[in-house]
Amino acid sequence: MNTLQVLIPAPQKVSLSGGKADLDIVKNFYIDGKINSLSEIVTGIFRDFNIKSTPAETKTADGFKLLFAPMPPESFRITVDEKSFTVEAGDAAGAAYALSACRQIFFAALIRGNKYAAFDCGTVEDAPRFAMRSLHLDS
């Protein structure tokens, strides 16, 4: 089972780059000040999966990073390589959707068992397919 291809709903694009990243890559985390309001969600994810991670004062090359990027509203990109787990979002809503996907990726990595727990390296990209959200009720 690939940790990046388990997401529900399925993202628009998943690109695998090969390789695996140990869970230790998230031992430090940095959250961009523009979306710092989501820091409790990030620490909650780490706590839920019993991952010990400490906040970093500056953006570093390694670790978990939640960054604001010039992207359309509600869109996100998650990039995992051997040294970092980077989440980029266009706004707070995109970051929230990305963190929901992160929770699924962390679960998929940990369900393999402690001996084999690792993230698969690659990129996940998603954005709304339509400009407005709708709801259909069937009676």
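## Close-up views of a predicted chain

**View 1. The whole chain, its surface and its extent.** The accessible surface of the chain comes to about 8,200 Å², with 54% of it belonging to carbon and sulfur atoms. Please keep in mind that this is a predicted model. Of the 139 residues, 42% count as buried. Taken along the principal axes, the C-alpha atoms fill a box of roughly 45 × 35 × 30 Å. The radius of gyration is 15 Å, which agrees with the value near 14 Å for a compact globule of 139 residues. If we take contacts between residues at least 6 apart in sequence, 67% join residues at least 24 apart.

**View 2. The order of elements along the sequence.** Two helices and seven strands make up the set to look for in the chain. Followed along the sequence, they give the pattern β-β-α-β-β-β-β-α-β.

**View 3. The open sheet and its edges.** Here the seven strands form an open sheet in the order 1-7-5-6-4-2-3, with mixed pairing. Strand 1 and strand 3 stand at the edges with a single partner strand each, so one side of each has no neighbour in the sheet. In general, strands of a sheet pair through backbone hydrogen bonds, either parallel or antiparallel.

**View 4. Strand 2 beside strand 3, with the helices on the sheet.** Strand 2 (residues 28-31) pairs with strand 3 in the parallel sense, over two bridges. Look for Phe-29, which stands opposite Pro-55 in strand 3. Helix 1 lies across strand 2 and strand 4, and runs at about 160° to strand 2. Helix 2 (residues 92-110) also packs on the sheet, where it touches strand 4, strand 5, strand 6 (84-89) and strand 7 (118-126). The direction of helix 2 makes about 30° with that of strand 5.

**View 5. A cis peptide bond ahead of strand 1.** The bond from Ile-8 to Pro-9 is cis, and its omega is near 0°. Pro-9 belongs to the segment before strand 1 (13-22).

**View 6. Two loop residues with positive phi.** Asn-50 is not a glycine, yet its phi is positive, at about 55°. You will find Asn-50 in the loop between helix 1 (39-48) and strand 3 (54-55). Its relative accessibility is 64%, so Asn-50 counts as exposed. Glu-74, also a residue other than glycine, has a positive phi near 65°. Glu-74 sits in the loop between strand 4 (63-68) and strand 5 (76-80). With 25% relative accessibility, Glu-74 counts as partly exposed.

Terms used. Residues are numbered from 1 along each chain as its sequence is written. This is a predicted model: local features need pLDDT of at least 70, side-chain atom pairs count only at pLDDT 80 or more; totals for chains, interfaces and linings use all residues. Side-chain values use heavy atoms; hydrogens and water are left out. Helices (H or I, at least four residues) and strands (E, at least two) are DSSP runs, numbered from the N terminus. Buried means under 20% relative accessible area, exposed over 50%, partly exposed in between (1.4 Å probe, protein chains only). Two strands pair if DSSP finds at least two bridges between them. Contact means heavy atoms within 4.5 Å. Axes are lines fitted to C-alpha atoms, for helices over the stretch in contact, and angles run from 0 to 180 degrees between N-to-C directions. The radius of gyration is taken over C-alpha atoms; the globule rule is 2.2 Å times the number of residues to the power 0.38. Accessible areas come from the Shrake-Rupley method with a 1.4 Å probe; for residues, only the protein chains shown count as cover.
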